Amino acid sequence: MADDAVSSGGADGVLPGWEIVVGLEVHCELKTRTKLFCGCANSFGQEPNTSICPVCLGLPGSLPVINKQAVELAIRIGLSLNCTVDKSIFHRKNYFYPDMPKDYQVSQYEKAINENGFLELPLSKKVVRIERAHIEEDTGKSMHVGGDGGRIHGAVHSLVDYNRAGIPLVEIVSAPDLRSAEEAREYVTELRSILVASAASDGKMEEGSLRVDANVSVRRLGVEEFGTRCEIKNLNSLRSLVRAIGYEARRQVALIESGEKVVQQTRHWNEDQGVTTAMRSKEEAYDYRYFPEPDLVPLEPSAEWVTEIRSHIGLLPASRRERLTSLFNGVSSGPVYDQIVTAVGLGLDDLVAGAVAKGAEPRLALARATNEVASDLGNLEMLTVDNFTEAIRMESEGKLSATQAKTVLGKMLESGANAREVAKSLGFEAMDSTVIEGLVDQVIRSSPKEWERFSSGEDQLAGFFVGQVMKLSKGKADGKIVTSILRSRRS
Amino acid sequence: MGALIGLGASAIAEMVSSKEISALEVTQEHLALIESHDKNLNSFLQITADAAISAAKEVDAKIARGEDPGPLAGVPIALKDNLVTRGLATTCASQILKGWKPPYSATVVEKVSAAGGVALGKTNLDEFAMGSSTENSSFGPTKNPYDLKRVPGGSSGGSAAAVAAKFAPLALGSDTGGSIRQPAALCGIVGVKPTYGTVSRYGLIAFASSLDQIGPFARSVKDAAMLLQVIAGHDPKDSTSLERPFPDLISNLDKGVQGLRVGIIDELIDGAAPMVGDALMASADSLGDQGAKVEHVSVPAVTYGLSAYYLIAPAEASSNLARYDGVRYGLRVEGQDMNETYVSTRTKGFGAEVKRRIMLGTFALSSGYYDAYYAKAQKVRTMIIDSFQNAYDRFDVLLSPTAPTTAFELGAKAADPLSMYLSDVCTIPTNLAGHPAMSIPYGLGENQMPIGIQVLAPALGEVNMFRVARAIENAAPTITKGLFWN
């Protein structure tokens, strides 16, 4: 059956009578100074092939030496995910690919450094089991020129950048405990916050420091047995993750409903067409011939070291959420709680908590953080807690209208300037209420019919008057003040 | 022939340090000898004369400035061509590394150079160290300097032949299953495989990582000890390198063997040629005469060594040699697509024996076969270690032939890999156990070719091993036969 014929079901993959089963493998780049097995810098965005040496190029004769900081960060991740940290060994995963310098990847196979943990999702409160979180090396990055959608097949030539080869990764493997694309999104979001909070990774999906493979299967509601799964490789954004799972689930349901079988395979997500396609059999017919890496000795972290690492882990998302909910009477659901989850997920909770501690109005601080600040996260470092607090206070004191406050925050994120300076430069002087009264009266005069209806109780017309006043004031008037003037004029 | 040819490493270092002779003249004489005679021997793949001369001048300059030139002051040394050398082609005797010049040097190469050693060039080997006769070199075989119709052994045949032919007093080789000891035996010199982890493998092009170990060749036990002393020690670049301080071999060398318990491994005499067995018994008797307690001992698991080795070593090799894919360096044979480029490059670049072992190893690691082959071989490896341990509970060192025969004729075993593999039956168990062992020449057989005696010791047992080797050397008949060039 043609893939494009499968379009029933919502974007979330909600399919009546069916249950989606998802397990995720999340690859996370560790925020180490150097690579996993050599002294090359671990940094993003360098000129291609400048952060390389005989070891990460896998030159003949070179040998790996494990990076202690990478092991420490991996253990931090394991502890943050409630895993057991134990003795582990490395294996070689053998397969040929041009971006893999040794044509094998050093990874942990039989015995991972972190095993048997769990993670609790903040919204659904679901507990997702973590099977393992193991250390492995990243590969280089290929660029295929002239091929089909950037893939190697049909490419005229390929370029390889080995800067990424040997960057330390931790692969976090969940049990197949997720039941929808939305849960998968929630899991990755929460996992990302944990990784960032434990200072193990910067969690930047857009820079590839977090990459997700999704194992998806479907089964009829009430059936216990798992369906045949397909693995969708390399999902690089939450949007892709949700769309790919939804698509894949619908594809599998359609197959089964039309009497066909799901074939276990690795699939590729095509972002442009919104479909998953089977990788060519050559791309997946691997026998990785795992065997213990003879160039490395077993990792045996001492109990003392693990305890020390544990003591260095900062506030994790669950505690961070608690810190914010305590500002809102321990709220545990509803829109404010959702905003708290978002704030923590985006790493904005320090900003909110800091501003509230300095006297900002909690609700407003949370709202502005999760809307205006969240829309320009890339510039977050431009915004100090003090400046943010000042902007919130100016708004709550009526010195800035809501519209003005949003604009001011936007500019603050761009320039790093403080709220007062930005407001002044934009001409957002506090508008005197007598001036606003004048504008309100002007609007009442020019719209007598509407005023009559409003006066006789048609409250919905308030918006009309506020809008007109805003227009005249070029957005400088505070909507709340306008409304209160309108109401006083009516009575 | 120059007057300095034939001097041992310790003599040269002493004379150079005391300015009796210059490092430059030592180097020049050895280069001249190589120049005139190596065309018949083919022990060197590359002679680095310019680099050698400037290194020798640097040693002389150091001495002139009153600085310590190091323990190998001005001593010429040959390097097996699987040790990477910065800026100098390193081939592993393979076509697949064609044109590759490493951007770095092996730790041992740095250490030798820092100790005042003068590298003369890179020596021939079986391709990627896979073989026992040096006939698997893609640059033609090396010959035995005592009989040019015969092989020098292998895989470090170039290094062994060069030292035996007096082209250099010292050489470095690598030993994965006997690749130092067997050619040392066949060429009538001393060759040592140290305890695994004693010498850094950084810069040794890997064949089988869990078995590979670099070691010295010399014409005397003392010179071998001297070189081992220089190259041993912890290297932070090799995770498998041991952190223990390496013991002083030289000062213990002449302590004799009084009271040492020596066991002759029964299982390794059975397959040996009678003349080799006789030499072994004679060497054992001489140890008895010098005060050692010599007895026979059974180490039953050693008979499984060969089978386990030919699963483990090829398995590791199949992975270690995957990187030669034509993408980054060395030979590339362009194909229609990536896969075809891989296949064409590797088909053209690797010789038959390398391909055979890659296939063996790939098979042994394949899903469905792993447990029956690779995993089982690892269990045998443990058995061998246990079996040796039982013997070392009662003995300080063990004795065996180094190789079952003396040097065979070129081509004699080339067509029959299994009979070639059997050349290493006595040496392989040591590698599987990670123990040290060395070969000491013990006269000539009835065919006028050298015989080697193997001294085996438990892990870190180098001190006793060298004491026993020295005692055997003291008692051994002198090799009177002339070299091919004199």
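This dialogue examines a predicted model with chains A and B.

Student: Why is Asp295(A) called buried?

Tutor: A residue counts as buried if 20 or more other C-beta atoms lie within 10 Å of its own. Asp295(A) has 21 other C-beta atoms within 10 Å, so the residue is buried.

Student: Where in chain A is the place of Asp295(A)?

Tutor: Asp295(A) sits in the loop between strand S14 (291-292) and helix H5 (303-312) of chain A. Its C-alpha atom is separated by 10.0 Å from that of Arg92(A), although the two are 203 residues apart along the chain.

Student: Which residues does Asp295(A) touch, not counting residues up to four places away in sequence?

Tutor: Contact requires C-beta atoms within 7 Å. On this basis Asp295(A) touches Leu63(A) and Pro64(A), as well as Ser209(B), Ser239(B) and Thr240(B).

Student: How many residues of chain B are in contact with chain A?

Tutor: On the side of chain B there are 32 residues, in contact with 26 residues of chain A. Helices H9 (305-320), H10 (338-349) and H11 (352-365) of chain B each give two or more residues to this side. The largest share, three residues, comes from H9(B). By class, this side has 16 nonpolar, nine polar and seven charged residues.

Student: What is the secondary structure of chain B, and what makes chain B as compact as a globular protein of its length?

Tutor: Chain B has 15 helices and eleven strands. Its radius of gyration is 21 Å, and the globule rule gives 23 Å for 486 residues; the values are close, so chain B is as compact as a globular protein of that length. Of its 486 residues, 63% count as buried.

Note on methods: Residues numbered from 1 in each chain as written. Chains lettered and ligands numbered in written order. Predicted model: local features only at pLDDT ≥ 70, side-chain atom pairs only at ≥ 80, totals over all residues. Helix = DSSP H or I, 4+ residues; strand = E, 2+ residues; numbered from the N terminus. Rg over C-alpha atoms; globule rule 2.2 N^0.38 Å. Buried ≥ 20, exposed ≤ 12 C-beta atoms within 10 Å, placed from the backbone. Contact = placed C-beta atoms within 7 Å. Nonpolar A, V, L, I, M, F, W, Y, C, P; charged D, E, K, R; others polar.
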